[in-house]
2 protein chains.
Amino acid sequence: MAMTKRIEETNRSRPAKRRTTTIRAAATRIPKVASAKLPEPKPAANRAEKSAERRAAIVEAAMDEFIARGFAATRLDDVAKRAGVAKGTLYLYFKDKESMFEELIRTAVVPLVNRMAAPPTITGPVRDAVERFAETFIREIVSTRRGDIVRLIVSEGPRFPTIADFYFREVVSKGMAAMQALIQLAITRGEIRQRQLAQFPQLVVAPAIVAVIWQSLFARHAPLDALAMFKVHLDLIFGERSKP
Amino acid sequence: MAMTKRIEETNRSRPAKRRTTTIRAAATRIPKVASAKLPEPKPAANRAEKSAERRAAIVEAAMDEFIARGFAATRLDDVAKRAGVAKGTLYLYFKDKESMFEELIRTAVVPLVNRMAAPPTITGPVRDAVERFAETFIREIVSTRRGDIVRLIVSEGPRFPTIADFYFREVVSKGMAAMQALIQLAITRGEIRQRQLAQFPQLVVAPAIVAVIWQSLFARHAPLDALAMFKVHLDLIFGERSKP
DNA sequence: ATAATATGACTGACCAGTCAGTCATCGTCA
DNA sequence: TGACGATGACTGACTGGTCAGTCATATTAT
């Protein structure tokens with residue numbers, strides 16, 4: 001402990017990008033999501049509109065970068081470039097990198113929840129309700145960029161307790177409660193024999209989570225038909241379907 | 001004679017300490033794993049031993065840091081400090097940060113596989129074999145730091161295709177194949193009715209994966225009895241157990 | 001006009017990786 | 001056995017490049 005000074009442990013967030021031996025810059029290029037690159041049919045003259053558009057562009061760009069690189073390795077210069085604004089502009093919309101990240105996750109999760117929390121209407125067998133739910137989930141999340149958001153939460157959650165807490169509160173606990181109610185109903189109706197299942201609603205959604213992870217890690221090696229898998233899973237829970 | 005330079009640096013310039021808005025330094029401290037901090041009962045005089053010890057210390061330290069912060073945000077200065085060596089020493093054992101990370105994962109995964117690949121002996125019902133397997137998995141992985149390694153792979157995999165490939169090749173594909181064989185056997189024996197299950201061995205292990213994720217993200221909010229959950233899962237697959 | 005916005009050059013903290021120098025071990029010879 | 005030079009593991013100050021965040025200046029909507 002000579003005179004390293006240490007400066008009070010400031011903002012922690014260090015990317016890697018060294019540029020020493022292996023350069024490999026090309027491999028670092030972002031996938032370039034086929035995002036709507038529509039050339040703004042609306043010039044959007046007034047302030048409010050432009051502001052909203054700019055914000056949306058920033059959010060979109062930041063999402064792509066954070067998903068592709070994770071929090072620490074994402075450069076705000078890149079976010080700005082991708083969004084088509086100057087770096088300073090980012091700071092007109094977000095306090096700092098961390099706030100940007102957290103707010104991003106929040107605003108991404110909300111429509112995700114709305115999508116999912118929509119129809120609690122149970123007409124007909126519970127299995128059908130669960131199956132419809134799963135279909136929506138797989139169509140809207142597993143097969144889209146939203147799945148990457150889930151993976152992002154898994155990745156960065158431990159480093160952002162705020163986000164993990166938010167996600168647990170707004171998504172997980174509610175989802176588990178809803179699922180538990182559904183299971184209970186199915187048990188009451190005699191659709192599900194295994195009564196213990198109500199204690200572990202996680203079991204119902206586990207294959208969906210695994211599908212998300214599988215897609216982003218192993219799809220290249222072995223594509224996974226998430227929907228087919230989920231149907232087999234439902235057969236396990238509800239008993240094999242008589243009619244195909 | 002290296003640094004005769006010395007640099008006057010009267011250091012009048014206030015370090016300034018950027019100190020923008022929120023500091024939040026404390027949240028950044030590493031959990032400080034309760035690792036064996038035993039004060040070296042073995043002085044280990046000879047070179048080879050010391051070298052091995054040093055390497056082990058570095059691996060241990062690096063593991064802690066990478067798990068806690070992820071690849072990009074981990075500082076090699078911290079790894080060195082934690083391992084009790086100088087930074088330069090790290091480079092005697094690893095080519096660079098990236099190699100260190102990849103090699104770390106590899107060496108961590110190997111014993112993990114050995115642990116799991118051990119007893120393919122099927123004496124008695126397949127369910128018992130799977131249950132024993134799950135017990136080992138939960139005891140050795142979900143409830144230990146090894147689970148964090150799995151999470152680390154999920155987190156950094158997309159940024160380290162090398163690692164994702166390695167993991168798929170050495171763990172996932174082998175594990176899936178073994179599980180598939182087991183399912184097939186159980187189907188043949190009539191222990192499993194749902195024949196489609198053989199197409200999706202992922203379904204069998206999904207709850208274990210979810211348990212790992214749950215532990216690291218939500219254990220604080222709602223602890224999960226992974227083993228109890230898995231037993232219910234097995235009941236779904238094999239049919240409810242008659243005897244408790 | 002002029003206030004609200006946007007810009008991007010700039011600052012300084014930060015950190016991966018280097019390398020000249022140190023010193024604990026080891027081999028060897030008296 | 002004991003002393004001494006050779007070896008190479010270890011150290012940590014230093015370099016060079018990076019990037020979050022700032023702010024004086026420029027642009028634009030009203």
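Reader: Is R55(A) buried or exposed?

Author: Neither extreme. R55(A) counts as partly exposed, at 29% relative accessibility. Buried means under 20% relative accessible area, exposed over 50%, and partly exposed in between (1.4 Å probe, protein chains only). This is a predicted model, where local features need pLDDT of at least 70, side-chain atom pairs count only at pLDDT 80 or more, and totals for chains, interfaces and linings use all residues. Side-chain values use heavy atoms, without hydrogens and water; residues are numbered from 1 along each chain as its sequence is written, and chains are lettered from A and ligands numbered from 1 in the order in which they are written.

Reader: What does R55(A) form a salt bridge with?

Author: With E103(A); the closest N and O atoms are 3.2 Å apart. A salt bridge here is a side-chain nitrogen of Lys or Arg within 4 Å of a carboxyl oxygen of Asp or Glu.

Reader: Where do the two sit in chain A?

Author: In distant parts of the chain, 48 residues apart. E103(A) is in helix α5 (residues 97-117), R55(A) in helix α2 (residues 47-69). Helices (H or I, at least four residues) and strands (E, at least two) are DSSP runs, numbered from the N terminus. E103(A) is partly exposed too, with a relative accessible area of 29%.

Reader: How many salt bridges over all chains?

Author: 40. One of them joins R139(A) and E140(A), again with closest N and O atoms 3.2 Å apart. E140(A) is buried, at 14% relative accessible area.

Reader: What about E170(B)?

Author: E170(B) pairs with R169(B), closest N and O atoms 3.5 Å apart. E170(B) is partly exposed at 26%, and R169(B) is partly exposed at 46%.

Reader: Which residues do shared partners join into one network?

Author: E60(A), D64(A), E65(A), R69(A), R75(A), D78(A), R82(A) and R145(A).

Reader: Switching topic. What pLDDT does chain A average?

Author: 82, with 78% of the residues scoring at least 70. pLDDT is the predictor's confidence in each residue, from 0 to 100. Among the elements of chain A, helix α3 (residues 76-83) has the highest mean, 98, and helix α1 (residues 25-28) the lowest, 39.

Reader: Where does pLDDT stay under 50?

Author: Over residues 1-27 of chain A, which have 27 contacts beyond four places in sequence. Contact means heavy atoms within 4.5 Å. Residues 34-42 of chain A are also below 50, with three contacts beyond near neighbours in sequence.

Reader: What turn lays chain A on chain B?

Author: 180°, with a shift of 0.0 Å along the axis and an RMSD of 0.1 Å. The fit is least squares on C-alpha atoms of residues with pLDDT of at least 70 in both copies. The two copies are therefore related as by a two-fold rotation axis.
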